[in-house]
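Good morning, colleagues. Please have the sequence and the model open before you; I shall go through the strands, the ligand, and a few backbone details in turn.

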Amino acid sequence: MYDLLILGSGPAGYVAAIRASQLGLKVGCIEKGAPGGTCLNIGCIPSKTLLDSSQKYHELRTKYANLGIDSKDISLDLAKMMTNKQDTVLRLVDGVKSLLKSNKVEFIKGIGKVVAEGEVEVSSDNKPLSYRANNIIIATGSYPVELPNIKFSEDVVDSEGALSFQKVPNNLVIVGAGAIGLELGSVWSRLGSNVTILEAQKEFLPPLDRRVSRLIQREFKLQGLSIFLDCQVQALNESTKGIEINYKEKEQENSIEADKVILAVGRKANLNNLFSEELKPSIKNGLIEVNDFCQTDVKGIWAIGDVVRGPKLAHKASEEGIMVAERIAGLDAGLNYGNIPNVIYTHPEIAWVGMSEDELKKSEISYKAGSFPFSANGRALTAGETSGIVKMYADASTDKILGVQVFGPSASELVQQALIAMDNGITSKKLGETVFSHPTVSEALHEANLSINARAIHIQNKL
Ligand code: NAI
């Protein structure tokens, strides 16, 4: 008998397992694949490895000569780049395996199904086995969706397929300008593909302020990514060059040819065959319904990560895992869903947290705004990374920081600094009094924050 059985060992499941075990619970973690789930095996980790490798290759070819470094005769060994990616994945998977082991979590290989109250049946190559537990967490993640008129095939791939191309596509079309589309578009463009991204929405990156998203679009265009908005893909047909993609752009019929297509139009929760009919928690819009503490409406069943509401992000999933493990152990844990950071790992990175200016305008909150361009930041200048901006908002009456958006070098790390201030209710004035090292790109965040109260030093303040 277990205190807790977890279905899935991605960033939601394995983190919940470790935390529960730390709190003295007897834990089993059921997994059909390798530990680490999508994030470690076919998502965040391999994509970030390729993002880093491709950026180095690109910089070596295009930037180093200007720095006085001879970078002629650079060539790409894609097979080696892929081997390094896979080695990185395997090292981390091994790390998770040993963490589970050292925390005395039992790793149970197979496919789990909740068959009765407190009972999970696990099928593998052998005869199904039954396990019992007081609590069960569903952390089975999500899978990439197809479009009604476009299905996956050898040349029409999802993010996993796009992380394993054996040669650089000449012409690559990506459907969807979300996180996956922009990250994978960047990878293959840097390695030499001619990349076109077709996006259905009229706005580019809608969660961002227009000034920031326009800046990003302009920068990506300079990088060679052709992004078309308001596009409806209608059909794919075989052509001499590979695939012909027919689409409507702002009501105009259009077509483009490609040798590979990446479909990056979102993901869907993995809920197939998880429950017996009598024990099924409520499911709405393809997601398991849960309260703020990730409890379902079936006693003893919890659900976390991509199978429930909220952004499909590894860090959100892990924090839900910790919260649920602690609640099962009797602690009073919660999660601040308002402050979950988002990062798109392009170059420069895009990161944001909290409220955007659009949201603030629609709300009753009166706010003050500040911004600072990286072109005025000394460290960004020394590194030749001057594109981008930091935007910040604070409450006009309490001075508490309400939102931050960064497009620029180390945006992911900068937003995290602001988030620590936000989570702790630190005012913009107080953050302004913090000493930031010079020269660092973090000073751009400091200056954007100072500019909220017209105190920036290295730009003209708007009064
Ligand atoms: P997404 O939801 O981020 O973006 C999908 C994009 O496709 C949207 O802009 C949507 O408007 C567009 N789209 C939908 N239907 C379309 C159509 N028929 N034609 C053209 N465009 C269409 O989903 P994505 O990029 O597939 O990523 C899946 C999940 O994985 C997301 O929830 C994302 O947050 C997460 N993820 C996060 C990463 C990160 O945090 N850096 C990296 C990769 C994925």
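Val-122 has Leu-129 in β6 as its bridge partner. This is a predicted model, and that pair belongs to the contact between strand β5, residues 119-123, and β6, where four bridges join the two in the antiparallel sense. The connection from β5 to β6 is a hairpin of five residues.

Strand β6, residues 129-138, also pairs with strand β1, residues 2-7; here the strands run parallel, with five bridges between them. Within this pairing, Leu-5 stands opposite Ile-136 in β6. Which residue of β19 is the bridge partner of Ile-136? It is Ile-301. The pairing of β6 with strand β19, residues 301-303, is parallel and extends over three bridges. Ile-136 is thus a useful place to pause on the display, since it faces Leu-5 in one pairing and Ile-301 in another. As a general reminder, strands of a sheet pair through backbone hydrogen bonds, either parallel or antiparallel.

Let me turn to another sheet. It is open and has three strands in the order β12-β13-β14, paired antiparallel. Why do β12 and β14 each have one side without a neighbour in the sheet? β12, residues 231-239, and β14, residues 252-258, stand at the edges, each with a single partner strand, so one side of each is left without a neighbour. Neighbouring strands of this sheet are turned against each other by 25° on average, direction ignored. Between β12 and strand β13, residues 242-249, there are eight bridges, and the two run antiparallel. On that seam, Glu-238 stands opposite Ile-243 in β13.

I come now to the ligand. There are 19 residues around it, and those that come nearest are Glu-183, Glu-199, Gln-201, Gly-266 and Val-343. By class, the shell divides into eleven nonpolar, four polar and four charged residues. Helix α6, residues 179-190, supplies the largest share of the shell, with three residues.

Three polar contacts deserve attention. A polar side-chain atom of Glu-199 lies 2.6 Å from an oxygen atom of the ligand. A polar backbone atom of Val-343 is 2.7 Å from a nitrogen atom of the ligand. For Ala-200, a backbone N or O atom lies 3.1 Å from a ligand nitrogen. As for burial, the ligand taken alone exposes 840 Å², of which the protein buries 75%.

Next, the charged pairs. The count of salt bridges comes to 19. One of them joins Glu-385 to Lys-63, with the closest N and O atoms 3.8 Å apart. Glu-385 lies in the loop between α10 (378-382) and β23 (389-395), and Lys-63 in the loop between α3 (44-62) and α4 (78-102), so the pair ties together parts that are 322 residues apart in sequence.

Finally, the backbone geometry. Where are the cis peptide bonds that I wish to show? One runs from His-347 to Pro-348, with omega near -5°, and Pro-348 lies in the loop between β20 (342-344) and β21 (349-354). Another runs from His-438 to Pro-439, also with omega near -5°; Pro-439 is placed in the loop between α12 (428-432) and α13 (442-452). Lys-104 has phi near 60°, a positive value in a residue other than glycine. Its place is in the loop between α4 and β3, residues 106-109 for the strand.

Methods. Residues are numbered from 1 along each chain as its sequence is written. This is a predicted model: local features need pLDDT of at least 70, side-chain atom pairs count only at pLDDT 80 or more; totals for chains, interfaces and linings use all residues. Side-chain values use heavy atoms; hydrogens and water are left out. A residue is near a molecule or strand if one of its heavy atoms lies within 4 Å of it. A polar contact is a pair of N or O atoms within 3.5 Å; within protein, one must be able to donate a hydrogen and the other to accept it, and residues adjacent in sequence count only if both atoms are side-chain atoms. Accessible areas come from the Shrake-Rupley method with a 1.4 Å probe; for residues, only the protein chains shown count as cover. Ala, Val, Leu, Ile, Met, Phe, Trp, Tyr, Cys and Pro count as nonpolar, Asp, Glu, Lys and Arg as charged, and the others, Gly among them, as polar. Two strands pair if DSSP finds at least two bridges between them. Axes are lines fitted to C-alpha atoms, for helices over the stretch in contact, and angles run from 0 to 180 degrees between N-to-C directions. A salt bridge is a side-chain nitrogen of Lys or Arg within 4 Å of a carboxyl oxygen of Asp or Glu.
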